[in-house]
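Please open the model in your viewer, with the sequence panel beside it, and keep a selection tool ready. The stops below are meant to be taken in order.

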Amino acid sequence: RAKGIVIGGGPAPDGHTADVFYRVTKPNQITPLIEEDPYYANGVWTGFRLRTFAQFVEPWELPPVVTDGSRRVTLAEGIATDPDMATFALIELRGAGRLAYGGFFEGGQTLGLFKTADSNEALDWLKETDFWKPESLTSRPLLWVL
């Protein structure tokens, strides 16, 4: 994280999964980073699935590391109907203090880390913009550790 490679992430509250956001210049750089991570090397993580953002809304700041489970947030995903306008919506949500970071995968699929433990609230923030297909929106809790 101090080198700017890990942007943030943390485990699901049940501890069965984790989401970690890495910054690399080429997608093939990520696998060695994960395989060298102590959590993966020591069997805490037993697998991983890579997803590459085509466009990313950077965090304004990296918060302090919190390991006590007190920083509960929501990861929300959905398909943007207008990716250009949805980008502006994510930037506005970040400016309003609601979004930490997020972005777009190919095809308009969006993923964002929202600064609320209330998944309905996070989904409502996206729905209010009218730039996402409401039926495509899903969410899951995350303990934002780093």
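The tour goes from the strands to the salt bridges and then to the surface.

Before selecting anything, note that this is a predicted model, in which local features need pLDDT of at least 70 and side-chain atom pairs count only at pLDDT 80 or more, while totals for chains, interfaces and linings use all residues. Residues are numbered from 1 along each chain as its sequence is written, and side-chain values use heavy atoms, with hydrogens and water left out.

**First stop: strands 1 and 2**

Select residues 6-11, which make up strand 1; helices (H or I, at least four residues) and strands (E, at least two) are DSSP runs, numbered from the N terminus. Five of the six residues of strand 1 are buried, where buried means under 20% relative accessible area, exposed means over 50%, and partly exposed lies in between (1.4 Å probe, protein chains only). Now add residues 18-22, which form strand 2 and pair with strand 1 in the antiparallel sense over five bridges; two strands count as paired if DSSP finds at least two bridges between them. Within this pair, look for Val6, which stands opposite Tyr22 in strand 2. Six residues separate the two strands of this hairpin, and Gly15 in the turn has a positive phi of about 75 degrees.

**Second stop: strands 4, 5 and 6**

Move next to strand 6, residues 109-114, where five of the six residues are buried. Strand 6 pairs with strand 4 in the antiparallel sense over six bridges, and Ile79 stands opposite Gln109 in strand 6. Strand 5 also runs antiparallel to strand 6, to which five bridges join it, and here Tyr101 stands opposite Leu113.

Which residue takes a positive phi in the hairpin of strand 5 and strand 6? Select Gly107, whose phi is near 90 degrees, in a hairpin with four residues between the strands. Gly107 counts as exposed because its relative accessibility is 72%. If you draw a C-alpha to C-alpha distance from Gly107 to Ile79, it is 7.9 Å, although the two are 28 residues apart in sequence.

**Third stop: the salt bridges**

How many salt bridges does the structure hold? There are four, a salt bridge being a side-chain nitrogen of Lys or Arg within 4 Å of a carboxyl oxygen of Asp or Glu. Show the side chains of Arg140 and Asp19, which meet in a salt bridge at 2.9 Å, N to O. This pair links distant parts of the chain, with Arg140 in strand 7 (residues 138-143) and Asp19 in strand 2, 121 residues apart. Arg140 counts as partly exposed because its relative accessibility is 25%, whereas Asp19, at 19%, counts as buried.

Keep Arg140 selected and add Glu77, since these two also form a salt bridge, with the closest N and O atoms 2.8 Å apart. Arg140 lies in strand 7 and Glu77 in strand 4, so the pair ties together parts that are 63 residues apart in sequence. Glu77 is buried, at 10% relative accessibility. Adding Arg51 completes the selection, for salt bridges that share partners join Asp19, Arg51, Glu77 and Arg140 into one network.

Then turn to Glu58 and Arg23, whose side chains meet in a salt bridge at 2.4 Å, N to O. Glu58 lies in the loop between strand 3 and strand 4, and Arg23 in the loop between strand 2 and helix 1, so this pair ties together parts that are 35 residues apart in sequence. Glu58 is partly exposed, with a relative accessible area of 33%, and Arg23 is likewise partly exposed, at 37%.

**Last stop: a loop residue and a surface patch**

Select Asp130, in the loop between helix 4 and strand 7. Asp130 has a positive phi of about 65 degrees although it is not a glycine; most residues other than glycine have a negative phi. Asp130 is exposed, with a relative accessible area of 63%.

Finish with Met85, Phe88 and Ile91, which make a nonpolar surface patch of about 270 Å². Patches are made of residues with over 30% relative accessible area and no salt bridge, like charges being joined within 9 Å and nonpolar side chains (Val, Leu, Ile, Met, Phe, Trp, Tyr) within 5 Å; accessible areas come from the Shrake-Rupley method with a 1.4 Å probe, and for residues only the protein chains shown count as cover. Phe88 has its place in helix 3, residues 83-95.
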